Amino acid sequence: MESNGRLGLHIFVTASYLFIGMFIFRSLELDNEKVMREQMIQEIQAFLANSTCVTMSELRYLVGVVEGDVRMARAVVENRSISDKWDYSGAMSFVATVVTTIGYGHLAPVTTPGRVVTVIYALIGIPLTLIMLKDIGDKLNNWITRLYRVQYCQRAWINRTINVSIVVFVGVNVTILLPSALFIHVEGWTMVDAVYYCFITLSTIGFGDFLLRGDLLTWNRSLYTFFIYIWVFIGLAYISLIISCISNTIVEKARSVERHTLTKVEAELRRLRHEMMKYQRRSQDITTNMGEARSPSTPLDVKLMHYTHVGQDNNAFVCSVNSETFHVKIQKNTDDVN
């Protein structure tokens, strides 16, 4: 029952978070989508008006062709050469996105054998990658543990704050800020776009709306690609470590609240049990005293049916004698019964 209650709470919190996100992103993106749709309609209508030889069916066919590979279509329109998607670099990029579960979606197999092999390759590669990322995360965790032992002063909270700040500062710079600066220089992105890409990649969300092309690259492309792969694996291990720490903190806090609540409930149950035992002893004293006060020549069937507290006198109870209700009070230091 306890585990079911915790599961129900987790489902409720997660569902609530999803609904909150739904409303937030709808309010942020819906108006912009409508504006972009109107602009596209106007552009298409203007194109058809200026190109009377092109019919709507021909344009629809052309759009379907372009949807297959927008990058290739753009290169053809601009009359520039484009490298094969499935060259060594492209194939390595594909398998990296498969085993890391990033899945940008910009490169995918279209042949039946390719899709079958992708499934088999992922079933083997994903667990191997997770094991490797776990090992990297363990190494990072060992370094962080050693750092936490460093003492800067006598106050524990100051030492903890400094150590956490160092871990966050170094991690954010290595996984987010420094790669973002490189992408701004090589890809021509804005700071927001570069940071967005880093987080979407390392969290394995992988929308695919931003892709590394190296259009402004002036040095060795292979070295650039090698750096990207190293950054991805180290960043994945660090992000997974941070997410694990956050999750463990939340779970530990919830368990602490649960333990505190359980302790209070148990204390209240012990108090109630003590009160019940006290009242039971008093009821036994009432029955004993009434039996001693009864005359031997006048048998009287005395049965304590129930008792309740009366007024502010802790020794006053209500009992039933021969189906009649009387108020019975225990006198301290005497055997008399009123």
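# Exercises on a predicted chain

The chain has 8 helices and 2 strands, where helices (H or I, at least four residues) and strands (E, at least two) are DSSP runs numbered from the N terminus. The model is predicted, so local features need pLDDT of at least 70, side-chain atom pairs count only at pLDDT 80 or more, and totals for chains, interfaces and linings use all residues. Residues are numbered from 1 along each chain as its sequence is written, and side-chain values use heavy atoms, with hydrogens and water left out.

**Exercise 1.** Give the order of the elements from the N terminus on.

*Solution.* The elements run α-α-α-α-α-α-α-α-β-β.

**Exercise 2.** Classify the ring pair of Trp86 and Phe94, then state whether each residue is buried or exposed, or in between.

*Solution.* Step 1: A pair of aromatic rings is described by the distance of the centres and the angle of the planes. Rings of Phe, Tyr and Trp (its six-membered ring) pair if their centres lie within 6.5 Å; planes under 30 degrees apart count as stacked, over 60 as edge-to-face and the rest as tilted.
Step 2: A search of the whole structure gives 9 aromatic pairs. In one of them, the centres of Trp86 and Phe94 are 5.1 Å apart and the planes are at 65 degrees, which is edge-to-face.
Step 3: Buried means under 20% relative accessible area, exposed over 50%, and partly exposed in between (1.4 Å probe, protein chains only). Trp86 is partly exposed because its relative accessibility is 43%. Phe94 is buried because its value is 11%.

**Exercise 3.** Describe how helix H4 meets helix H5.

*Solution.* Step 1: Axes are lines fitted to C-alpha atoms, for helices over the stretch in contact, and angles run from 0 to 180 degrees between N-to-C directions. The axes of H4 (residues 88-99) and H5 (residues 112-148) come within 8 Å and cross at roughly 65 degrees.
Step 2: Contact means heavy atoms within 4.5 Å. From H4, Phe94, Val95, Val98 and Val99 take part; from H5, Thr118, Tyr121, Ala122, Gly125, Ile126 and Thr129.
Step 3: These residues divide into 7 nonpolar, 3 polar and no charged. Here Ala, Val, Leu, Ile, Met, Phe, Trp, Tyr, Cys and Pro count as nonpolar, Asp, Glu, Lys and Arg as charged, and the others, Gly among them, as polar.

**Exercise 4.** Locate Trp143 and state whether Trp143 is buried or exposed.

*Solution.* Step 1: Trp143 lies in helix H5.
Step 2: Trp143 counts as exposed because its relative accessibility is 53%.
Step 3: Trp143 and Val167 are 24 residues apart in sequence and 9.6 Å apart in space, C-alpha to C-alpha.
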